[in-house]
Amino acid sequence: MSFASLGLSDALVRAVTEQGYTTPTPIQLQAIPAVLQGGDLLAGAQTGTGKTAGFVLPMLQRLSTESSPHAAKGQRGARRPVRVLVVTPTRELAAQVEASIRTYGKHLTHTSMSLFGGVGFGPQAAQLKRGVDIVVATPGRLLDHATQRNVDLSTVEILVLDEADRMLDMGFLPDIRRILALLPAKRQNLLFSATFSEEIKRLADTMLHQPVLIEVARRNAMTELVSHEVHPVRRERKRDLLAHLLRKQNLSQVL
Ligand code: AMP
């Protein structure tokens, strides 16, 4: 299976190929067609699975093939509407996702920016006021800008919550609810989470409409064919225990 056969445009396939990727990962195989269809998505995937490209590629495709229903509204000098909002738990992840958007979108014309705390507020406000298609943000700083009316989220067409379980662990649920309240009712929602606690399921129930469900195996999952044993032992007896285990068991491979 190739990226082109998933329905991605030449510009996106070219950018992916330039990264040296020729085969979609399991999450990409499932997420890309689902996101292209325009419906909501609930994906169980952790870092390392290729999940970022799994949502960035199809969302860029959707932006490039559909025009914003809020574009300019016929007014001269109107600000470019924000079309995609990606919310992440940490600055590092926001920066990484935005870097991926730049990488995969290099043959397209969208603009993107990351928005997180710990860096100057003014330059971010100025950039938002100039207008940007894609905002990748941590919750607190995004709400600060929204409160000051530097950003209008009522034009968002696609919302991505990345690493939603971590956001809840970090206490961001009230912030997420405040952000959801600023978005238009009609939008596409993509929720990515490595784990599915009751809290995540409740959040998914409130924000997703008939989502496509995708779950890929944990990359570091233990195979069921391997059993583990632990021998708690005092430090001074470790050597004897090791000698005993080596003598007692007929081990074919030892590390
Ligand atoms: P992620 O799970 O999104 O953090 O991605 C993990 C890593 O896999 C990143 O370094 C990606 O650049 C890389 N990656 C994404 N898609 C592919 C692919 N189809 N083939 C090989 N590597 C990929």
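Analyst: A polar contact is a pair of N or O atoms within 3.5 Å of each other. Keep that cut-off in mind, and remember that this model is predicted.

User: How far is an oxygen atom of the ligand from a polar backbone atom of Lys51?

Analyst: The cut-off for a polar contact is 3.5 Å. The Lys51 pair joins a ligand oxygen to a polar backbone atom, and it falls within that limit because its distance is 3.3 Å.

User: Which residue has a polar side-chain atom 2.6 Å from an oxygen atom of the ligand?

Analyst: Let's set aside Thr23, where a polar backbone atom is 2.8 Å from a nitrogen atom of the ligand. The side-chain atom you want, 2.6 Å from a ligand oxygen, belongs to Thr52.

User: What percentage of the ligand's exposed area does the protein bury?

Analyst: Start with the ligand taken alone, which exposes 500 Å². Of that area, the part buried by the protein is 67%.

User: How many residues in the shell around the ligand are polar?

Analyst: The surrounding residues include Phe3, Tyr21, Gln28 and Gly48. Sorted by class, the shell has 3 nonpolar residues and 1 charged residue, while the polar ones number 8.

User: Which helix gives the largest share of the largest nonpolar core?

Analyst: That core has 39 residues, and Leu41, Phe55 and Leu57 have the most contacts inside it. Its largest share is 7 residues, from residues 51-65, that is, helix 3.

User: How many residues are in the other core, the one with Leu128?

Analyst: Phe55, from the largest core, is in contact with residues farther along the sequence, including Val86, Leu190 and Phe192. Apart from that core lies another, with Leu161, Ala164 and Ile200 among its members, and its residues number 33.

Methods:
Residues are numbered from 1 along each chain as its sequence is written. This is a predicted model: local features need pLDDT of at least 70, side-chain atom pairs count only at pLDDT 80 or more; totals for chains, interfaces and linings use all residues. Side-chain values use heavy atoms; hydrogens and water are left out. A residue is near a molecule or strand if one of its heavy atoms lies within 4 Å of it. A polar contact is a pair of N or O atoms within 3.5 Å; within protein, one must be able to donate a hydrogen and the other to accept it, and residues adjacent in sequence count only if both atoms are side-chain atoms. Accessible areas come from the Shrake-Rupley method with a 1.4 Å probe; for residues, only the protein chains shown count as cover. Ala, Val, Leu, Ile, Met, Phe, Trp, Tyr, Cys and Pro count as nonpolar, Asp, Glu, Lys and Arg as charged, and the others, Gly among them, as polar. A nonpolar core is a set of buried Ala, Val, Leu, Ile, Met, Phe, Trp, Tyr and Cys residues joined through side-chain atoms within 4.5 Å. Buried means under 20% relative accessible area, exposed over 50%, partly exposed in between (1.4 Å probe, protein chains only). Helices (H or I, at least four residues) and strands (E, at least two) are DSSP runs, numbered from the N terminus. Contact means heavy atoms within 4.5 Å. Lists of a residue's contacts leave out its neighbours within four places in sequence.
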